[in-house]
Amino acid sequence: MKMFYATLALTIGGNVLYHLAQKSIPAGVHPLVSIVASYMTAMVLTLGGLFLFPLRDPIAVEIGRLNWASLALGLSIVAVELGFLLAYRMGWRISLASVTSNTAVALILLPTSVFVFRERLSPTNALGFLLCVVGLVLVTR
């Protein structure tokens with residue numbers, strides 16, 4: 001159970017650092033140059049991570065296991081990076097941009113999870129869904 005919470009802490013810490021860094025990128029830097037620099041850093045860290053999490057099989061075999069989802073993830077990463085960077089440059093407050101975006105994503109993913117992935121929706125989840133809708137309306141006013 002400790003790993004369960006450790007992974008959540010990693011995600012939360014990464015998201016906090018992500019938004020602080022995005023908000024702190026100088027306005028004069030071309031957005032795509034900033035993203036390229038970020039991806040170069042991510043590439044070095046990821047390649048270094050292969051020493052901590054060694055491959056089970058040769059790299060060619062691992063690459064052969066990939067499907068469309070890895071390419072879609074790459075597309076989504078660029079969309080999120082560019083979207084938040086431009087939103088912050090347009091004046092979105094850090095406190096509102098992330099909560100608005102994440103709440104809207106949750107509202108879209110909840111029915112997707114039920115109908116596409118056949119996940120169960122409990123009464124507590126349904127209440128949370130309703131509160132998200134109310135919260136999103138209140139936050140964006």
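Colleague: Where is the place of Val-137?
Modeller: Val-137 sits in helix H6, residues 123-139; helices here are DSSP runs of H or I with at least four residues, numbered from the N terminus. Bear in mind that this is a predicted model, where local features need pLDDT of at least 70 and side-chain atom pairs count only at pLDDT 80 or more, while totals for chains, interfaces and linings use all residues. Numbering runs from 1 along each chain as its sequence is written, and side-chain values use heavy atoms, with hydrogens and water left out.

Colleague: OK. What's the relative accessible area of Val-137?
Modeller: Val-137 comes out at 44%, so it's partly exposed. The cut-offs are under 20% for buried and over 50% for exposed, with partly exposed in between (1.4 Å probe, protein chains only).

Colleague: And how many Å separate the C-alpha atoms of Val-137 and Gly-14?
Modeller: They're separated by 27 Å, with the two residues 123 apart along the chain. Gly-14 also turns up in the lining of the largest pocket.

Colleague: Let's go there, then. What volume does the largest pocket have?
Modeller: About 690 Å³. A pocket is an open set of points on a 1 Å grid over the protein atoms alone where a 1.4 Å probe fits, with protein on both sides within 12 Å along at least five of seven lines; lining residues have an atom within 4 Å of a point. The volume is the space filled by probe spheres set on the points, which are joined across faces, edges and corners.

Colleague: Which residues lie nearest its centre?
Modeller: Gly-14, Asn-15, Tyr-18, His-19 and Glu-81, out of 18 that line the largest pocket. The elements giving two or more residues to that lining are H1 (2-24), H2 (31-52), H4 (68-89) and H5 (94-115). H1 has the largest share, eight residues.

Colleague: How does that lining split by class?
Modeller: Eight nonpolar, nine polar and one charged. Ala, Val, Leu, Ile, Met, Phe, Trp, Tyr, Cys and Pro count as nonpolar, Asp, Glu, Lys and Arg as charged, and the others, Gly among them, as polar.

Colleague: Back to H1. What do its buried residues pack against?
Modeller: Against H4 and H5. Tyr-18, His-19 and Gln-22 are buried in H1, and Tyr-18 and His-19 are also among the residues nearest the centre of the largest pocket.

Colleague: What about the second largest pocket, what's its volume?
Modeller: About 450 Å³. It is lined by 13 residues, with Leu-66, Ser-70, Leu-73, Gly-74 and Ile-77 closest to the centre. H4 gives the most, five residues, and H2 and H3 (59-64) each supply at least two. The class split is ten nonpolar, two polar and one charged.

Colleague: Switching topic: how many salt bridges are there?
Modeller: Two, counting a side-chain nitrogen of Lys or Arg within 4 Å of a carboxyl oxygen of Asp or Glu. Asp-57 pairs with Arg-65, closest N and O atoms 2.5 Å apart, and Glu-62 pairs with Arg-65 at 3.1 Å. That links Asp-57, Glu-62 and Arg-65 in a network.

Colleague: Is Arg-65 buried or exposed, or in between?
Modeller: Arg-65 has 43% relative accessibility, so it counts as partly exposed. Asp-57 is partly exposed too, at 28%.

Colleague: Last one: what is Ser-34 in contact with?
Modeller: Leaving aside neighbours within four places in sequence, Ser-34 is in contact with Ile-25, Val-29 and Leu-85, contact being heavy atoms within 4.5 Å. Ser-34 is found in H2 and counts as buried because its relative accessibility is 10%.
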